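Subject: Structure handover

Hello,

I am passing on the structure we spoke about. Please look it over before reading the notes below it.

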Amino acid sequence: MEIHWSILFALEAVGTVAFASSGAMTAIDKNLDLLGVIVLGVTTAVGGGMIRDIIIGKVPPSLFVNPIYVLMALVTVLLLFAVIRFHSYLMSGFYRQTYDKIMNLFDAVGLGAFTVVGIDTAVSAGFGDYRFLAVFLGVITGVGGGILRDIMADQTPYVLCKHVYACASIAGALLYIALMDLIPADAAMVICSAVVVLIRLLAAKYRWNLPRATGKHDKGDDET
């Protein structure tokens with residue numbers, strides 16, 4: 001059990017840092033002030049978990065009871081804000097391209113981590129027999145914060161239009177459900193997280209997208 005919770009904490013920590021950075025950078029790109037950067041960064045990091053907890057009736061949500069991840073997200077956001085504030089040249093050229101590549105990897109890891117953590121939370125709360133609910137909670141934990149970020153930033157949610165983002169989470173969640181009764185939970189979490197990361201990175205690299213009704217941009221666009 002101790003090993004299980006250690007893996008959970010490590011996965012959530014990586015996801016928190018990745019998603020907080022994603023939210024903060026979106027706010028910086030939108031030229032929001034410090035409060036706006038903090039709100040978007042923290043919301044992106046813990047918003048999915050908050051939605052998950054509300055759905056299963058876990059109130060107050062974990063982020064208020066155990067704010068370690070909120071603090072982790074806050075520190076990440078403040079560090080990123082300070083770096084950009086005093087080194088604005090990092091926002092363009094080679095530095096920004098390098099940052100985007102690194103964060104794309106971290107974001108994929110965070111998506112995989114939060115997906116399996118969401119399902120594990122559902123199982124721990126006694127909802128393991130409700131497979132559809134467990135999958136939904138895993139996916140919403142993975143993508144919910146990003147949806148809230150994009151809504152607050154007044155842009156179309158990334159998960160609805162870019163590189164099978166949510167589909168990677170769905171695939172990992174379904175695989176976790178299939179494996180949870182066959183192998184130890186820790187092994188299932190690691191395998192399914194890896195699958196989400198792999199699908200996400202391949203989708204970003206090769207610009208995989210789901211088909212659209214108009215047939216336009218089916219092969220991807222310029223953003224990763």
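What follows is a short account of one pocket, one helix and one serine.

Please keep in mind that this is a predicted model.

The pocket

The second largest pocket holds about 520 Å³ of space. It is lined by 25 residues, and those closest to its centre are Glu12, Arg52, Ser62, Tyr69 and Val117. Two or more lining residues come from each of these elements: H1, helix H2 (34–55), helix H3 (62–65), helix H4 (68–86) and helix H5 (93–127). By type, the lining divides into 13 nonpolar, 7 polar and 5 charged residues.

Helix H4

H4 has 19 residues, which at 1.5 Å a residue should span 27 Å; the end C-alpha atoms are 27 Å apart, so the two values agree. Which residues of H4 are buried? They are Tyr69, Val70, Met72, Ala73, Thr76, Val77, Leu80 and Ile84. Viewed down the axis of H4, these buried residues fall within an arc of 160°, and therefore they line one face of the helix. On the face turned away from that buried side, H4 carries the exposed residues Leu79, Arg85 and Phe86.

Ser21

Ser21 sits in helix H1, which runs over residues 2–29. Its relative accessible area is 7%, and because buried means under 20%, Ser21 counts as buried. Leaving aside residues up to four places away in sequence, Ser21 touches Thr76, Leu80, Tyr99 and Met103. Of these contacts, Thr76 and Leu80 are among the buried residues of H4.

Regards

Key. Residues numbered from 1 in each chain as written. Predicted model: local features only at pLDDT ≥ 70, side-chain atom pairs only at ≥ 80, totals over all residues. Heavy atoms only, no water. Helix = DSSP H or I, 4+ residues; strand = E, 2+ residues; numbered from the N terminus. Buried < 20%, exposed > 50% of the residue type's maximum accessible area, 1.4 Å probe, protein only. Contact = heavy atoms within 4.5 Å. 1 Å grid on protein atoms, 1.4 Å probe; cavity = no way out; pocket = protein on both sides within 12 Å on 5 of 7 lines; lining within 4 Å. Points joined across faces, edges and corners; volume = space filled by probe spheres on them. Nonpolar A, V, L, I, M, F, W, Y, C, P; charged D, E, K, R; others polar. Expected span 1.5 Å × (residues − 1). Arc of directions from axis to C-beta.
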